[in-house]
Number of protein chains: 2
Amino acid sequence: MTAGKPPHGREARVSELARKVIAHDWRALAKAITKIENEDTDASALAASLYPHTGHAHIIGVTGPPGSGKSTLVDALTAVIRKDGLSVGIVAVDPSSPFTGGAVLGDRVRMQRHAGDTGVFIRSMAARHTPGGLAPTTRDVIRALDAFGCDVVIVETVGVGQVELEVMKVADTIVVVTVPGLGDSVQTIKAGLLEIADCFVVNMADRPGSALTVADLRAMLTFGGAEERRRRWVPPIIETIAISGVGIDQLWDACQRHRQVLDADELMGRARDRLRDEVIEAVTRGVGAYVTEALSRNGTMDSIVAAVARRELDPKTAARQIIEKHLKTL
Amino acid sequence: MTAGKPPHGREARVSELARKVIAHDWRALAKAITKIENEDTDASALAASLYPHTGHAHIIGVTGPPGSGKSTLVDALTAVIRKDGLSVGIVAVDPSSPFTGGAVLGDRVRMQRHAGDTGVFIRSMAARHTPGGLAPTTRDVIRALDAFGCDVVIVETVGVGQVELEVMKVADTIVVVTVPGLGDSVQTIKAGLLEIADCFVVNMADRPGSALTVADLRAMLTFGGAEERRRRWVPPIIETIAISGVGIDQLWDACQRHRQVLDADELMGRARDRLRDEVIEAVTRGVGAYVTEALSRNGTMDSIVAAVARRELDPKTAARQIIEKHLKTL
């Protein structure tokens, strides 16, 4: 049975690491997150081991256009949450960091304030580390923080695209940040985010135009927010000056109220919808990999691609033929 | 056989529209692109009808960090290409436009210069219009322009993330733009883009620091560019002042030389790799949709999601079980 040894070795290694994470070992957590982020061979098994120990943390998503002061806001919010004696995990998602390296700098700035505070764990994620996609990997990193025992996990994304919207969907409570004077500041958060926001923040509220931005947001909510999820919870609009801590207590209060109001049924429903999406996503990816690997191995893929290159077949029809041929038994 | 009528109606409609696009009918092209972008029910059939008529256009991708003057560069490049008597299609991809509305403005600015020139067709794409993903939709829009008869198709993306990198991969020739003084300007294009660039542009070259930026790029190419595709083609570094047209002739010349040097074997190899990726992507998406729909219909998905919500099963293991159970005949 010596052939069985390597898997046993891995199993033991993974369950030992998971055990340490659950036992609140910082170094184990950092190691686990690195494995998850790099999609290490242990990553799936590790995520599976941690999963039963999740579901405790309140996951707060913070997003908004560049320049809206999100990082400062997250920093200030963290300080307020810490005063309540709760531990905080922060995941800063920066898909643009291959270009800017911004995530690293952001880390350093925030680290200074919370340095030495063992109740705060900060992690930056760059798109380049996550070949399997930012959203799925972020989900597993958040779960590691949850299993570790963080009471609150804050996920911060720069709100400029589809990926960020995707990432925000992992949150229980979604905070959308804007600032006065960002052109038509309400316009900047109009599509996509307006629908999913649970709480609006007008940051840098000491700038001129803040009251106008608040009024614009309120008008938009009044006209546009008649969906079902708006019935029990109308997103508050909170003015903050994150740099000096103004309005942050109110923000934290709103996040907590949101979770209470939505608790039980609605939160569970949302969580179930998210899990369904996640399973479907994993099935899609897995099946696709399975099919294409099988076809590549027996040369079918090569001959199909050659036909497509000769313009005898278009790519979508080729795909449909593959699916029909290989999945007819389903 | 009256039941066969609606599909026949659609087939006729699609092939008539495709015929008009291929016959260089502007209005038909605009209509076809709208159908493709909105993933209209005719979109796949239309793309399939156009596909055999593609492969003529030289596809040039232009990307770079925000503020590098990409749109002005594309505008100037278009003017130079037009002087050679070639027709140009421009696809401006702006995934951030749900937030900024930037694409619309960009259009208007450029439209002024090329207004009334029937040799230039401009189209902006926003992420929100493309539920099936920006890269696949962009691919089909480019093909419509190719089938329409555009000699050159320029794809412009704001270079800030994974999506844009993905979109760039559709191009034959990839132009990466930077400007002096964007912080460490070479740093801003370091990861991901450096590897895929066929041509570098230092735009706004009348700004201080231009020579330094060129030197930095050259150093980086010398140290980092030992991959296979660099053997036959070393990416030139071209200084431009797009707003006054300086250096644009050289850029167009470089693009043409690049296509000649890579012609035949290498371009074909690249094209085949891209087609392979595209087929795999379509198979993955199609199989995933097929499997999840089947499972949702018979209630399997509900019971699995419930188990995952109870933390009895983690999402990835659930997905693996589904795959193993339903694809064992493959």
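Two strands pair if DSSP finds at least two bridges between them, and strands themselves are DSSP runs of E with at least two residues, while helices are runs of H or I with at least four, both numbered from the N terminus. Keep that handy for the sheet stop below.

You're looking at a predicted model, where local features need pLDDT of at least 70, side-chain atom pairs count only at pLDDT 80 or more, and totals for chains, interfaces and linings use all residues. Residues are numbered from 1 along each chain as its sequence is written, and chains are lettered from A and ligands numbered from 1 in the order in which they are written.

**Chain A, the overview**

Show chain A as a cartoon: there are 14 helices and seven strands. Of its 330 residues, 50% count as buried, meaning that 20 or more other C-beta atoms lie within 10 Å of the residue's own (exposed is 12 or fewer, partly exposed is in between, and C-beta atoms are placed from the backbone). Now think about contacts, that is, residue pairs with C-beta atoms, placed from the backbone, within 7 Å. Among those in chain A with a separation of 6 or more, 74% link residues 24 or more positions apart.

**Strand β6**

Select residues 199–202 of chain A, which is β6. Which side of this strand is covered, one or both? Both: A:C199 and A:V201 are buried on one side, and A:F200 and A:V202 are buried on the other.

Add residues 173–178, strand β5 of chain A, which pairs with β6(A) in the parallel sense over four bridges. Across that pairing, A:V177 stands opposite A:V201. Then add residues 237–239 for β7(A), which runs parallel to β6(A) and is joined to it by three bridges. Here A:I237 is the bridge partner of A:F200.

**Helices α4 and α11**

Next, pick residues 70–83 (α4) and 248–262 (α11) of chain A; they pack at an angle of about 70 degrees, with axes 9 Å apart. Axes here are lines fitted to C-alpha atoms, for helices over the stretch in contact, and angles run from 0 to 180 degrees between N-to-C directions. Since 65 to 115 degrees counts as roughly perpendicular (under 35 is roughly parallel, over 145 roughly antiparallel, the rest oblique), α4(A) and α11(A) are roughly perpendicular to each other.

Show side chains for A:A76, A:L77, A:V80 and A:I81 on α4(A), which meet A:I248, A:D249, A:L251 and A:W252 on α11(A). By class, this contact has seven nonpolar, no polar and one charged residues. The nonpolar class is Ala, Val, Leu, Ile, Met, Phe, Trp, Tyr, Cys and Pro; Asp, Glu, Lys and Arg are charged, and the others, Gly among them, are polar.

**Helix α2 and the residue after it**

Go to residues 26–37 of chain A, helix α2: its 12 residues should span 16 Å at 1.5 Å a residue, and the end C-alpha atoms are indeed 16 Å apart. The expected span is 1.5 Å times one less than the number of residues. Buried residues in α2(A) include A:L29, A:I33 and A:I36.

Step on to A:E39, in the loop between α2 and α3 (43–50) of chain A. What is the sign of its phi? Positive, about 50 degrees, although A:E39 is not a glycine. Most residues other than glycine have a negative phi. A:E39 is partly exposed, with 17 other C-beta atoms within 10 Å.

**Over to chain B**

B:E39 also has a positive phi of about 50 degrees without being a glycine. Last stop: B:D25, in the loop between α1 (5–22) and α2 (26–37) of chain B. B:D25 counts as partly exposed because 15 C-beta neighbours lie inside 10 Å. Draw a distance from its C-alpha atom to that of B:F148, 123 residues apart along the chain, and you get 7.7 Å.

Technical notes:
Contact = placed C-beta atoms within 7 Å.
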